[in-house]
Amino acid sequence: MFGDGVVYTLLFVSLYFEVFLLVTFLEKRAGRSASSAVKGVSSLPRVCIVVPCLNEEQTLAHAMASVFALQYPRELMDIIIVDDGSTDRTLQIAEEFVRACPVVGAERHIRVFHKKNGGKHTALNLALQNTDAEIIGCLDADSTVAPDALMRVVSIFGNPDISAVTPGVHVKKPKTALQHIQNAEYALSVFNRFMFATLGSVFITPGAFSMYRTKTVRDLGGWRHGHSTEDMELALRMQKNGHKIANAPAAAVYTATPKTLKGLFRQRVRWTYGFLRNFVDYKFMFGNRAYGNLGLFILPTALISIGTGIYFFVRILWYGLENIYDTFARIAITGIAPHPSFDIFYFNTSALLIIALVTITLVLILISAGSLIGTGRRMPPAGTPLFILLYGFLVPLWISAAVFRAIFKMGVRWR
Amino acid sequence: MDNSIIGERAAQWKNYAIAFVITAAIFATALYASNYFNNRRIAEIRTTQDNISIDILSLETQFELLAEHSCRDISENSVLSKELRPLVDRLSYLEDQSSVDEEELLRLKRYYSLLQIKDLLLMKKVATKCKLKSVFILYFYSNEGDCKDCENQGYVLTALSEQYPQLRIYSFDYNLDLSALQTMLSINDVENKLPALSINDKMYYGLKDIADIEKILPQLATLGKTATTTPKEKALR
């Protein structure tokens with residue numbers, strides 16, 4: 001009975017979260033053109049794009065090619081590659097880009113810095129110290145950016161109240177089943193990030209092409225380690241100091257995602273670990289009306305979702321194993337395997353199942369909405385069915401590991 | 001569109017309230033729908049039981065008229081095998097559902113038990129009069145958490161009835177508040193050591209697997225095994 005109460009409560013919270021986002025989304029979209037055309041900007045700012053690298057000889061060229069293809073005046077771009085102590089040919093490849101790059105005015109608009117390995121935040125801070133650009137952002141070397149993305153992002157900085165803009169992040173050329181699952185997950189993230197921005201509640205500015213006002217980042221003291229999630233830490237620090245973070249879902253960035261479960265597990269443990277440790281650092285924001293939707297709803301729900309994932313996983317695992325045990329015990333006693341019944345009488349019509357199906361349908365709608373605002377396509381990604389079927393079983397794996405590490409403050413590695 | 005993002009950090013209570021109402025409505029609809037389907041199931045069982053009641057009455061009338069008819073006219077399996085057997089599975093399923101009217105379910109169980117007793121008495125009479133070699137097994141169980149082997153005993157009997165469809169197995173909830181059942185427990189001297197089996201009027205306590213029962217009932221061999229699929233006999237758990 002207690003277990004049922006917990007299940008219904010958690011399902012209510014999950015469903016409420018989805019419904020709330022959808023209601024807000026529909027309200028914002030009502031009477032508004034779906035067009036996401038780039039608005040004209042009278043005077044474009046100078047933009048610094050930082051590409052931090054650690055052993056990126058395989059991917060750096062692709063990232064740089066996409067940077068060079070950006071539809072933005074070259075003379076207004078300050079491209080800084082920071083080699084954070086690579087041991088492969090990353091530095092040589094970066095320097096080849098400099099040699100091949102034409103001189104614009106009196107200076108080259110691409111520079112390379114080499115430093116001893118100190119972490120991504122130190123690479124970003126080095127670039128921060130060495131640029132005079134008005135806007136600064138990072139492009140991970142394993143990501144590529146759409147040609148019009150920078151213009152879409154910069155157009156939002158036309159509003160002086162905005163301190164940072166996040167893009168729409170997509171999976172780069174998904175091939176494996178796991179990458180297709182992540183593709184659907186990223187479409188859902190596009191929607192969530194857009195809605196969080198609408199609610200003034202963005203608490204992660206992804207490393208892939210989030211842009212900031214340089215002055216804001218300097219005033220806040222630059223990037224910090226942030227428990228290996230510097231993008232989340234900076235976003236929370238910005239929220240704490242009242243800065244506004246917008247979102248440009250149509251500014252597409254494509255990032256490489258893990259191909260294997262092991263790689264995904266490692267990446268997500270790092271993210272979730274940082275998520276939990278940063279939550280502890282910024283716990284004063286939870287339930288705090290001063291932070292509006294972020295403090296009252298988004299952060300508490302995000303934390304509850306972690307507990308929900310673990311609870312449902314353990315419950316399903318427990319009952320699943322119990323069921324298997326009972327079936328084997330039954331076979332051992334009777335010698336006969338149970339056969340399924342196709343009698344319509346036994347068709348499951350429990351309230352729990354109906355609510356779960358509604359929740360799944362809503363997730364499907366949110367993924368489709370994410371796909372629509374991110375890519376203009378109405379159909380959800382091909383990996384959506386797999387995402388709905390399997391993702392719930394994958395998430396608790398890294399959540400549990402991250403919770404364990406966070407409790408014992410064991411730390412995580414980037415690679 | 002992007003400019004609309006700005007300045008909305010403060011909580012908008014209207015949207016929170018609308019979302020709450022919608023979510024609550026979804027929950028209420030799900031609970032109502034689940035309840036509706038369970039009520040449909042209960043109605044289906046009730047109809048079946050009413051039909052069985054009529055069948056038994058018909059068979060009793062046939063039996064009264066036996067002097068004028070031959071035993072061949074009495075169809076031994078006409079009631080139990082066709083409709084009474086699947087009911088136990090359905091009742092067992094409903095017991096596991098959370099949103100079922102427990103009072104109504106209890107009433108159905110009592111009705112079911114009464115029908116079983118009537119069928120048992122009638123079939124014993126038919127067997128005696130017509131000199132049939134019928135084998136009767138009465139199974140007493142408890143689903144109040146005090147009988148860890150009852151579920152397995154139910155599975156054993158289900159498997160047994162699949163092997164020997166002519167076997168007549170009747171399952172009774174030891175704790176059911178039904179005077180006819182209490183009388184039967186008293187007549188058979190059934191002790192509260194469950195699971196309990198009454199096989200040919202002799203009591204056996206504790207879990208008995210198929211081999212045990214075959215040992216107790218060597219005449220099972222003469223009933224003959226069948227590979228055909230038959231309705232399951234499953235003890236109510």
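This report walks through the interface between chain A and chain B in a predicted model, then turns to confidence.

## How the chains meet

Start with the footprint: 54 residues of chain A are in contact with 49 residues of chain B. Putting the two together buries about 4,600 Å², and carbon and sulfur atoms give 63% of that area. On the chain A side, the three residues that contribute more than any other three are F12(A), I333(A) and F345(A), which supply 15% of the area that chain A buries against chain B.

## Polar links

The rule finds one salt bridge across this interface. It pairs E27(A) with K14(B), with the closest N and O atoms 3.6 Å apart. As for polar contacts, the count is eight residue pairs between the chains, both residues being at pLDDT 80 or more.

## What chain A brings

Five elements of chain A give two or more residues each to the side that touches chain B: α1 (2-29), α6 (177-198), β10 (244-255), α10 (292-334) and α11 (351-375). The largest share comes from α1(A), with twelve residues. By type, this side of chain A splits into 29 nonpolar, 15 polar and ten charged residues.

## How far to trust it

Overall, the model scores ipTM 0.84 and pTM 0.79. Chain B averages a pLDDT of 79, with 81% of the residues scoring at least 70.

Two stretches of chain B call for care. Residues 1-7 of chain B stay under 50 in pLDDT, though the model gives them 22 contacts beyond four places in sequence. Residues 226-237 of chain B are also below 50, with 49 contacts beyond near neighbours in sequence. Where pLDDT is low, predicted coordinates shouldn't be read in detail.

How values were computed: Residues are numbered from 1 along each chain as its sequence is written. Chains are lettered from A and ligands numbered from 1 in the order in which they are written. This is a predicted model: local features need pLDDT of at least 70, side-chain atom pairs count only at pLDDT 80 or more; totals for chains, interfaces and linings use all residues. Side-chain values use heavy atoms; hydrogens and water are left out. Contact means heavy atoms within 4.5 Å. Buried area is the accessible area (1.4 Å probe) that two parts lose on being put together, summed over both. A salt bridge is a side-chain nitrogen of Lys or Arg within 4 Å of a carboxyl oxygen of Asp or Glu. A polar contact is a pair of N or O atoms within 3.5 Å; within protein, one must be able to donate a hydrogen and the other to accept it, and residues adjacent in sequence count only if both atoms are side-chain atoms. Helices (H or I, at least four residues) and strands (E, at least two) are DSSP runs, numbered from the N terminus. Ala, Val, Leu, Ile, Met, Phe, Trp, Tyr, Cys and Pro count as nonpolar, Asp, Glu, Lys and Arg as charged, and the others, Gly among them, as polar. pLDDT is the predictor's confidence in each residue, from 0 to 100.
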